[in-house]
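Grab a pencil and work through these exercises with the structure open beside you. Try each task before you read its solution.

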Amino acid sequence: MSVCTIRENSYEDFESTLTRLNVDGRSRNMYLRHERAHFEKAKELGYTPQYVAKLIVDNPSIIILAAVDFIGREPTPSDMVKICLAPRRPSKEDLELAVKNGWKRSKR
Ligand SMILES: [Zn+2]
């Protein structure tokens with residue numbers, strides 16, 4: 001059992017690497033869908049995103065962290081907010097990062 005970090009430049013590569021590393025299908029699909037929303041929004045805004053995941057390689061492998069990173073230009077704060085909030089259900093970390101970049105969470 002070991003920990004490894006993968007970086008992929010496309011959805012197809014990210015998907016095939018997670019499959020090859022034997023990540024459980026349900027969790028794989030959940031991460032793929034979520035990170036893809038960040039990735040596509042970043043691309044749409046003109047950035048060069050990359051899929052990043054840290055895994056415990058096992059049978060099945062377990063994803064301990066998944067994120068989108070940027071090659072070259074970093075997003076401006078207002079673009080970062082859009083990228084953070086792109087998934088249908090942003091994670092706690094996404095919301096925290098959006099707030100850090102100036103997003104005002106509306107009161108319920
Ligand atoms: Zn997220």
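**Exercise 1.** Work out whether strand β1 is tucked away or lies in the open.

*Solution.* This is a predicted model, so what you do here is read a prediction.
- Find strand β1, which covers residues 2–8, seven residues in total.
- Count how many of them are buried: you get zero.
- A residue needs 20 or more other C-beta atoms within 10 Å to count as buried. None of the seven residues of β1 is buried, so the strand lies largely in the open.

**Exercise 2.** Find the strand that β1 is joined to, and say which way the two run.

*Solution.*
- The partner is strand β2, residues 48–57.
- Seven bridges join the two strands, and they run antiparallel.
- For one pair to look up, take Ile6: its bridge partner in β2 is Ala53.

**Exercise 3.** Write down the order of helices and strands, starting at the N terminus.

*Solution.*
- First take stock: the protein has four helices and three strands.
- Now walk along the chain from the N terminus, and you read β-α-α-β-β-α-α.

**Exercise 4.** Is Arg26 buried or exposed?

*Solution.*
- Locate Arg26 in helix α2, which spans residues 25–44.
- Count its neighbours: 8 other C-beta atoms lie within 10 Å.
- The cut-off for exposed is 12 or fewer, so Arg26 is exposed with its 8.
- As an extra, compare Arg26 with Glu44: they are 18 residues apart in sequence and 27 Å apart in space, C-alpha to C-alpha.

**Exercise 5.** Which residues touch the most other members of the largest nonpolar core, and which element gives the most to it?

*Solution.*
- The core has 18 residues, and Ala42, Tyr51, Ile83 and Cys84 touch the most other members.
- Next, look at where the core comes from: α1 (11–20), α2, β2, β3 (62–71) and α3 (77–84) each supply at least two residues.
- Helix α3 gives the most, with four residues.
- Zoom in on Cys84: leaving out residues up to four places away in sequence, Cys84 touches Pro90, Asp94, Leu97 and Ala98.

**Exercise 6.** Why does the radius of gyration of the protein agree with that of a compact globule?

*Solution.*
- For 108 residues, a compact globule would come out near 13 Å.
- The protein has 14 Å, which agrees.
- Its C-alpha atoms fill a box of roughly 40 × 35 × 20 Å along the principal axes.
- As for burial, 24% of the 108 residues count as buried.
- Finally, take the contacts with a separation of 6 or more: residues 24 or more positions apart account for 55% of them.

Note on methods: Residues are numbered from 1 along each chain as its sequence is written. This is a predicted model: local features need pLDDT of at least 70, side-chain atom pairs count only at pLDDT 80 or more; totals for chains, interfaces and linings use all residues. The radius of gyration is taken over C-alpha atoms; the globule rule is 2.2 Å times the number of residues to the power 0.38. Two residues are in contact if their C-beta atoms, placed from the backbone, lie within 7 Å. Two strands pair if DSSP finds at least two bridges between them. A nonpolar core is a set of buried Ala, Val, Leu, Ile, Met, Phe, Trp, Tyr and Cys residues joined through C-beta atoms within 7 Å.
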